[in-house]
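Colleague: Please take a close look at one part of this model, at the level of single residues, and then set that part within the rest of the chain. I would also like to know how far the coordinates can be trusted.

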Amino acid sequence: MRKLILTCLTPILFSAAISPDMALAAANDGRTSTEAATTAQDPLAAGMAAYDKGDYATALHQWLEFARQGHPQAQLLVGTMYNEGIGTQKNEKRASAWFLRAAEQDNVEAQFNLGTQYSHGRGVPRNRAEAAKWYLKAAVQGHAEAQNNIAVMFANGLGVQKDPEKAIQWYQRAAAQGHPTALFNLGYMYMKGQGVEPDDIFALRYFRLAAKAGNKSAQKLLSDAYTKGWFGLPVDPAMAEHWHQMAQQ
């Protein structure tokens, strides 16, 4: 399924919003859809079974019933379907309305997606202050992508007062969860000395962690670092080529 991708406004990177499959996984709470369907108490089971069979219109119909009754996970799923145009015509305004209903009930994925909608002006007027508000709510609940994104906003003064030290704190929380983009961004902050004293050792440490976690920007940077001897590294054509190849995959 397609993902919403936040535009990279600076060398510091935003994270992507959740895809329909990720929303479905959150609804399943770790179970397969078949297992969920056997649970009579699960109001989302019939929709999950239909979704797995590719019958998206039926899945949406099932989830809409419970979304209208106030079920936050159903509201998230309905919003995601409208946002991506799955089982229905794409309607970002309607998607945002459903995300809002779920977000107001503290559904963390809906809060993150609503932040993304406001960040891009998708279905709602573009409003970085509102984006920051919803990212922060999701970040407080431990959502790693939201933690990275609110850190980006504090680092750049987007919708909030610029505060590099707060940015560092949120990057660290996301990085502690192994979030690849946050690891790269934390390395960038140490490299530039934003919110912390410049420290090439820490910068390199986080760039390596990000690269090993699959972050392409970090992999390309390491390739350049081994080519040019940055961060006190020896010039090493073999390592430069290794990370170049990793970045191309």
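Modeller: Histidine 143 is a good place to begin, and it counts as buried because its relative accessible area is 6%, which is under the 20% cut-off. The model is a predicted one, and the values that follow are computed from it. Histidine 143 sits in a loop, the one that links helix 8 (128-140) to helix 9 (144-156). Its side chain makes a polar contact of 2.9 Å with the side chain of glutamate 109. Once neighbours within four places in sequence are set aside, the residues in contact with histidine 143 are Val108, Glu109, Phe112 and Ala138.

Another loop residue, tryptophan 230, offers a useful contrast: it lies between helix 13 and helix 14, and it is classed as partly exposed because its relative accessibility is 35%. Not counting residues up to four places away in sequence, tryptophan 230 touches Leu221, Asp224 and Ala225. Its C-alpha atom is also 9.3 Å from that of leucine 204, although 26 residues separate the two in sequence.

From that loop one passes to helix 14, where aspartate 236 caps the N-terminal end, with a side-chain oxygen 3.1 Å from the backbone nitrogen of alanine 238. Helix 14 covers residues 237-248, and because each residue should add 1.5 Å, its twelve residues are expected to span 16 Å, in agreement with the 16 Å between its end C-alpha atoms. Within helix 14 the buried residues are Ala240, Trp243 and Ala247. Viewed down the helix axis, these buried residues fall within an arc of 75 degrees, so they line one face of helix 14. That buried side packs against helix 12 (200-212) and helix 13 (216-228), while the face turned away from it carries the exposed residues Pro237, Ala238 and Gln248.

A polar residue inside a helix can be read in a similar way to histidine 143. Threonine 80 belongs to helix 5 (residues 72-84), and it is buried, with a relative accessible area of 3%. Its side chain reaches the backbone oxygen of leucine 76 at a distance of 2.8 Å.

As for the rest of the chain, there are 14 helices and zero strands, and buried residues account for 47% of the 249 residues. In soluble globular proteins, nonpolar side chains tend to be buried together. Here the largest nonpolar core has 71 residues, and those with the most contacts inside it are Trp63, Val78, Ile150, Tyr171 and Phe207. Valine 78, one of these, is in contact with Leu60, Trp63, Leu64, Ala67 and Trp98 when neighbours within four places in sequence are left aside. Among contacts between residues at least 6 apart in sequence, 49% join residues at least 24 apart.

Lastly, on trust: the mean pLDDT of the chain is 89, and 84% of its residues reach 70 or more. Over residues 1-11, however, the pLDDT is below 50, even though this stretch has 40 contacts in the model beyond near neighbours in sequence. Residues 30-40 also have pLDDT below 50, and that stretch has twelve such contacts. Where pLDDT is low, the predicted coordinates should not be read in detail.

Note on methods
Residues are numbered from 1 along each chain as its sequence is written. This is a predicted model: local features need pLDDT of at least 70, side-chain atom pairs count only at pLDDT 80 or more; totals for chains, interfaces and linings use all residues. Side-chain values use heavy atoms; hydrogens and water are left out. Helices (H or I, at least four residues) and strands (E, at least two) are DSSP runs, numbered from the N terminus. The expected span of a helix is 1.5 Å times one less than its number of residues. Buried means under 20% relative accessible area, exposed over 50%, partly exposed in between (1.4 Å probe, protein chains only). The arc is that of the directions from the helix axis to the C-beta atoms. Contact means heavy atoms within 4.5 Å. A polar contact is a pair of N or O atoms within 3.5 Å; within protein, one must be able to donate a hydrogen and the other to accept it, and residues adjacent in sequence count only if both atoms are side-chain atoms. pLDDT is the predictor's confidence in each residue, from 0 to 100. A nonpolar core is a set of buried Ala, Val, Leu, Ile, Met, Phe, Trp, Tyr and Cys residues joined through side-chain atoms within 4.5 Å.
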